[in-house]
Amino acid sequence: MLGVWGGWRGLRRCASLPRAQRAARLRVRDALVAQEPAGEVKVQGWVRSVRRQKEVLFLHINDGSSLENLQVVADPSLENRDLTFGSAVEVQGKLVKSPHRMQNMELKAETIHVVGPCDTLSFPLKVKERHPLEYVRQFPHLRCRTNTLSSLLRIRSEATAAIHSFFQDNGYVHIHTPIITSNDCEGAGELFQIETSNEAKESEEKTHFFNVPAFLTVSGQLHLEVMAGAFTHVFTFGPTFRAEDSQSRRHLAEFYMVEAELSFTESLQDVMQVMEDLLKTTTNRVLSKCPRDVELFHKYIAPAQKDRLEQMLKNKFVTISYNEAVEILKQAPQTFTFKPEWGCDLQREHEKYLVKHCGEVPVFVLNYPYDLKPFYMRDNEDGPQHTVAAVDLLVPGIGELCGGSLREERLPLLQSRLQRLGLTDAYQWYLDLRKFGSVPHGGFGMGFERYLQYILGVDNIKDVIPFPRFSHSCLL
């Protein structure tokens, strides 16, 4: 027994002995902003350049945390044949003050371990070459390694966090709305239908997995309206899908939507104010958190975009009615492909002209024709030109960015419209919402990718998504 106790005491003494100090892992971003030197640090990342001199070896490595690279200074004896552009490395050494003005700190390497070599001859990205967006679209699995796309993804991440913070700071509850649904919120019929692999092989008389046809969602709005019956402010931020057979620069089959619903809201201006505050707050945070990343786009892709954003942030958004918009378009000195007429939807050429006419600042267009909009939008009960309390937010270079409305909370009017459209049975649950504690409410949606296009000045919407799909056969 004493022997056992003696063994335990010995183990405890061994456990209490000081361990050999391990190198602290440091991100490139943190190394670049460090104010004091540090001993025994480890940096992991990918080599962006290798420069060899007789008495010193220079590396620039990046781990995705920053647009700027960290300079590594090493003895030439640490070089090996696998240390090339694109290779993955782990460098251990001391963080020291850099003698160069362009960088505060640099890493004096003691060991360099090549974790993953890179065949530079077959690697489609080349060192010190600014590849155009058109070129890197061919390599959706590699394009995140370019400066432009890595900057885009950091901005996208920061914008996502900013949107969540905006809503949470203003008392909204985040709702995870379904991706698989039986509802067609937009009523356009451009949906992806869901079926199992077994269903696809069976006859037309097959039974559905969910007992009803199921689709990928085009919007979380109707589900948010359910939650708006229990929470006064709700939002969702998730993927949506449109089966539009288009490969244009403006269309995506899969994209993200920010959507919000506000209960006890009788004024369309209240909804518009939230739209404006969301846009300005999110943009301010992105500009403050990712200045170098945003600057890359404004310098090389859209030089005029910086001034546009400054105008947006310091000015109140313009508000015009749909009627006023049509009159402005009719009096325009230019000829449009689509002739502007009351009762017709505004085309992108119309939206861009209206923004230009109003001074290149965002423009709210409100009170659209009744027959243009979905069943859930609140009837203004006006005439002779019948309208609904709907609003679109138009921004420079993009056109429509957000769309919203007051929702029809009056049961008789909603029943009447659904009956005319032959949708009463399908939306009986939606009518129930108006029977049990219904309140005036409204909401809006914003396309996240369009927002990124707007703040960065990117022309092709497929250049602001992580994994582009440029043809129906281009799926990873």
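Start by selecting Asn 380: at 28% relative accessibility, Asn 380 counts as partly exposed. In this tour, buried means under 20% relative accessible area, exposed over 50%, and partly exposed in between, with a 1.4 Å probe and protein chains only. You are looking at a predicted model, where local features need pLDDT of at least 70 and side-chain atom pairs count only at pLDDT 80 or more, while totals for chains, interfaces and linings use all residues. Residues are numbered from 1 along each chain as its sequence is written, and side-chain values use heavy atoms, with hydrogens and water left out.

**Stop 1: around Asn 380**

Asn 380 sits in the loop between β14 (363-369) and β15 (387-395). Helices (H or I, at least four residues) and strands (E, at least two) are DSSP runs, numbered from the N terminus. Now show the neighbours of Asn 380. Leaving aside residues within four places in sequence, Asn 380 is in contact with Asn 367, Thr 387, Val 388 and Ala 389; contact means heavy atoms within 4.5 Å. What joins the side chains of Asn 380 and Thr 387? A polar contact of 2.9 Å does. Such a contact is a pair of N or O atoms within 3.5 Å; within protein, one must be able to donate a hydrogen and the other to accept it, and residues adjacent in sequence count only if both atoms are side-chain atoms. If you draw a C-alpha to C-alpha distance from Asn 380 to Pro 369, you should get 9.8 Å, for two residues eleven apart in sequence.

**Stop 2: helix α11**

Next, select residues 348-357, helix α11, and colour its buried residues: His 350, Glu 351, Tyr 353, Leu 354 and Val 355. What do they pack against? Their partners are β13 (318-321), α10 (322-330), β14, β15 and β16 (399-406). After α11 comes Gly 359, with a positive phi near 95 degrees.

**Stop 3: strand β17**

Move on to residues 441-447. Strand β17 is largely enclosed by the rest of the structure, because seven of its seven residues are buried. Turn the view to see both covered faces: His 441, Gly 443, Gly 445 and Gly 447 lie on one side, with Gly 442, Phe 444 and Met 446 on the other.

Which strands pair with β17? Strand β12 (residues 254-263) does so in the antiparallel sense over seven bridges, and Glu 259 has Gly 445 as its bridge partner in β17. β16 also pairs with β17 in the antiparallel sense, over five bridges; here Leu 406 is matched with Gly 442 of β17 as its bridge partner. Two strands are taken to pair if DSSP finds at least two bridges between them.

**Stop 4: strand β6 and its partners**

Select residues 105-116 for strand β6, together with strand β4 (residues 70-74): these two pair in the parallel sense over two bridges. Val 72 stands opposite Leu 107 in β6. Then add strand β5 (residues 88-97), which runs antiparallel to β6 and is joined to it by ten bridges. Ala 88 has Gly 116 as its bridge partner in β6.

**Stop 5: a three-stranded sheet**

Three strands form an open sheet here, in the order β8-β10-β9, with antiparallel pairing. Its edge strands are β8 (180-181) and β9 (193-194), each pairing on one side only. β8 and strand β10 (residues 214-216) are paired antiparallel over two bridges, and Phe 215 in β10 is the bridge partner of Thr 181.

**Stop 6: Arg 154**

Is Arg 154 buried or exposed? At 14% relative accessibility, Arg 154 counts as buried. Find it in helix α4 (residues 147-169). Not counting residues up to four places away in sequence, Arg 154 touches Gly 64, Ser 65, Ser 66, Leu 67, Cys 290 and Asp 293.

**Stop 7: Met 227**

Now select Met 227, which belongs to helix α6 (residues 221-227). Met 227 is partly exposed, with a relative accessible area of 31%.

**Zooming out**

Finally, show the whole protein chain, with its 14 helices and 17 strands. Of its 476 residues, 47% count as buried. Among contacts in the chain with a separation of 6 or more, 68% are between residues 24 or more positions apart.
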